[in-house]
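Me: Could you take me through the surroundings of the ligand in this one? I'd like a close look at that part, plus whatever else helps me get my bearings.

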Amino acid sequence: SEFLPKDHPRYESIRMREHLVDMVDAKVLAPEGLIAHGRGEAFDYLIGEKTPDCVLGPIRAAAAALLTAERPIISLNGNAAALCPEAMVELAEATGAKLEINLFYRSRERIEAITKLMEKAGAREILGTDEARQGQIPEIGSERKRVDSEGILIADTVFVPLEDGDRTEALVKMGKRVITIDLNPLSRTSRTASISIMDHIVRAVPAMTRAAIELKKLNKTECLTVLDGFDNDKAFAEALRFISARLKALAGDAS
Ligand code: PTJ
């Protein structure tokens with residue numbers, strides 16, 4: 001905008017905020033999505049605003065999970081669509097997963113706005129838009145219970161970036177493998193997912209696509225070995241250790 005000088009030290013971060021405000025006007029982003037983003041930004045400071053090495057394992061496991069799944073789904077909410085629509089399409093193409101819109105603050109207007117944005121980004125098929133095909137997940141209290149009967153309802157693996165904890169828990173209880181991205185390692189989402197990625201969605205999604213392209217050189221058994229070797233509790237502990245070590249180093253404490 002006219003207010004943002006190109007040489008501002010936090011140019012990228014402010015530009016992203018301004019884009020998100022525009023996305024609220026366009027009905028893609030829920031106003032509450034702005035607050036969620038702010039919380040994410042705070043945690044991004046703690047990790048140094050780049051993908052920590054300890055997150056490469058979860059990213060690789062997530063790519064392996066999508067590649068080896070029978071019916072993988074990438075679930076889109078307003079934040080994901082607003083921040084990285086093209087990267088989501090690329091991930092879907094690299095892994096063979098389908099895209100489905102699934103919203104907490106659900107409205108026809110928003111579903112249409114997100115569909116239009118995703119189509120512009122190159123998406124060919126988007127699930128979750130056809131009322132006639134709507135199924136329900138009774139374990140979920142929110143509007144997120146409305147899912148596509150040919151998508152999340154029958155999926156074996158669901159990628160739910162930027163999530164509220166309820167749905168992750170319900171999907172895991174249904175026996176589905178759930179992959180999440182959340183900058184906050186302490187959130188209920190991160191704690192209950194099968195694979196949680198503590199990183200900014202804008203960095204993590206392209207990294208997942210790169211990992212998927214690499215993993216495609218292996219056969220299915222080798223991909224499954226990558227997946228089986230992954231331990232989310234261990235990854236959670238490593239994520240916390242990473243933040244803790246980084247803060248200690250910044251404070252000048254000897255390690
Ligand atoms: O589009 P809708 O209607 O489905 O609504 C989406 C929101 C995000 C409003 C809804 O799911 C929500 O309220 O989510 P929460 O419970 O605020 O959780 C969002 C989590 O995402 C928080 O724990 C943040 O730390 C994290 N987060 C926010 N922005 C990013 C992020 N993680 C990674 N990358 C980000 N850019």
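Reply: Here's the ligand shell, followed by the core and two of the helices. Keep in mind that this is a predicted model.

The ligand has 24 residues around it, and the closest are Ala36, Gly40, Asn77, Gly78 and Tyr105. Two elements each give two or more residues to that shell: helix H2 (31–47) and helix H4 (78–83). H2 supplies the largest share, with 7 residues. As for chemistry, the shell is a mix: 11 of its residues are nonpolar, 9 are polar and 4 are charged.

Now for the core. In soluble globular proteins, nonpolar side chains tend to be buried together. Here, the largest nonpolar core has 68 residues, and Ala62, Ala63, Met88 and Met208 have the most contacts inside it. Take Met208: leaving aside residues up to four places away in sequence, Met208 touches Ile59, Leu91 and two others of that well-connected group, Ala62 and Ala63.

Last, a quick ruler check on two helices. H1 runs over residues 11–25, so at 1.5 Å a residue its 15 residues should span 21 Å; the end C-alpha atoms are 21 Å apart, which agrees. Just after H1, Lys27 takes a positive phi of about 70°. H11 (residues 232–250) passes the check too: its 19 residues should span 27 Å at 1.5 Å a residue, and its end C-alpha atoms are 27 Å apart. Just after H11 comes Gly252, with a positive phi of about 80°.

Conventions: Residues numbered from 1 in each chain as written. Helix = DSSP H or I, 4+ residues; strand = E, 2+ residues; numbered from the N terminus. Expected span 1.5 Å × (residues − 1). Core = buried A, V, L, I, M, F, W, Y, C linked by C-beta atoms within 7 Å. Buried ≥ 20, exposed ≤ 12 C-beta atoms within 10 Å, placed from the backbone. Contact = placed C-beta atoms within 7 Å. Near = placed C-beta within 6 Å. Nonpolar A, V, L, I, M, F, W, Y, C, P; charged D, E, K, R; others polar.
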